[in-house]
Amino acid sequence: MRLLIVEDDPVLSDGLQVGLTACGWTVEAMTRIEDALAALKSSAFDAVVLDLNLPDGDGLQVLRFVRERDMDVGVVILSARDESRDRIGGLDAGADDYVGKPFDLDELAARLRAVRRRLLGRSRPALTHKDVTLDPKARLAWRGEQDLPLSRREFAILEALMERPSAVQSRNQLEERLYGWQEEIGSNAVEVHVHHLRAKLGSAFIRTVRGVGYTLQ
């Protein structure tokens, strides 16, 4: 997943970035509502981890922005405002989940994976296409009964394609899964990783739609 963290506590924000990046996700962090809205306008995210008490207002503004535009983005509120009325208000406003502080990072990661599965219409945690299986939690892959060694970015591309096997995804869409908001992107980075995947999976597993992008065969 590509995650946006909106949290003004620098220690907590850094911890979330490190912990969720270790789960294999690309993570961006913002401290203010206006920066979060700018990021959502200019880039695609799979989920937002959203604090409510932010320096420039109530984080529910970010939630409303996402829902009013019908974005395909999961929102998990992470807040010290943990009374029952706060949880009810956040969920009724459109949040997919609500986690109170203090929290367990592994539980938050599991909730994010569950939110993503619901958005994709999946109930099973594993992704399967033909004889290839991915476990997003463990970051492991198999082909048949054999382990399939993948780099972090090879895994990210294959995960993106297997989440929507019938969809064609552009190079820009895949780049957003691989790199952070301000990271420098190599001019042919996606093509290189797709080439490596084809060497491991066979040239026919990933199909190029000329001028558009990639999809699974």
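A residue counts as buried when its relative accessible area is under 20%. By that criterion, helix α2, which spans residues 33-42, has I33, A36, L37, A39 and L40 buried. The structure is a predicted model, and the points below follow the packing of α2 before turning to the nonpolar cores and the aromatic rings.

**Helix α2**
- The buried residues of α2 lie on the same side of the helix, because they cover an arc of only 160° around its axis.
- Packed against these buried residues are the strands β1 (2-6), β2 (26-30), β3 (47-50), β4 (53-54) and β5 (57-58), together with the helix α3 (60-68).

**Nonpolar cores**
- The largest nonpolar core holds 25 residues, of which L134, L150, L158 and I206 touch the most other members.
- Two or more residues of this core come from each of β9 (132-135), α6 (152-163), α7 (171-178), α8 (189-201) and β13 (213-216), and α6 gives the most, with seven residues.
- When neighbours within four places in sequence are left aside, L150 is in contact with L134, A141, F155, L158, L197 and K200.
- A second core, separate from the one around L150, comprises 23 residues, among them L40, F45, V62 and V73; L40 is also one of the buried residues of α2.

**Aromatic rings and charge**
- F45, a member of the second core, has R2 lying over the face of its ring, at 4.7 Å from the ring centre.
- A search for aromatic pairs across the whole structure finds zero.

Conventions
Residues numbered from 1 in each chain as written. Predicted model: local features only at pLDDT ≥ 70, side-chain atom pairs only at ≥ 80, totals over all residues. Heavy atoms only, no water. Core = buried A, V, L, I, M, F, W, Y, C linked by side-chain atoms within 4.5 Å. Buried < 20%, exposed > 50% of the residue type's maximum accessible area, 1.4 Å probe, protein only. Helix = DSSP H or I, 4+ residues; strand = E, 2+ residues; numbered from the N terminus. Contact = heavy atoms within 4.5 Å. Phe/Tyr/Trp six-rings, centres within 6.5 Å; stacked < 30°, edge-to-face > 60°. Lys NZ or Arg CZ within 6 Å of the ring centre and 35° of its normal. Arc of directions from axis to C-beta.
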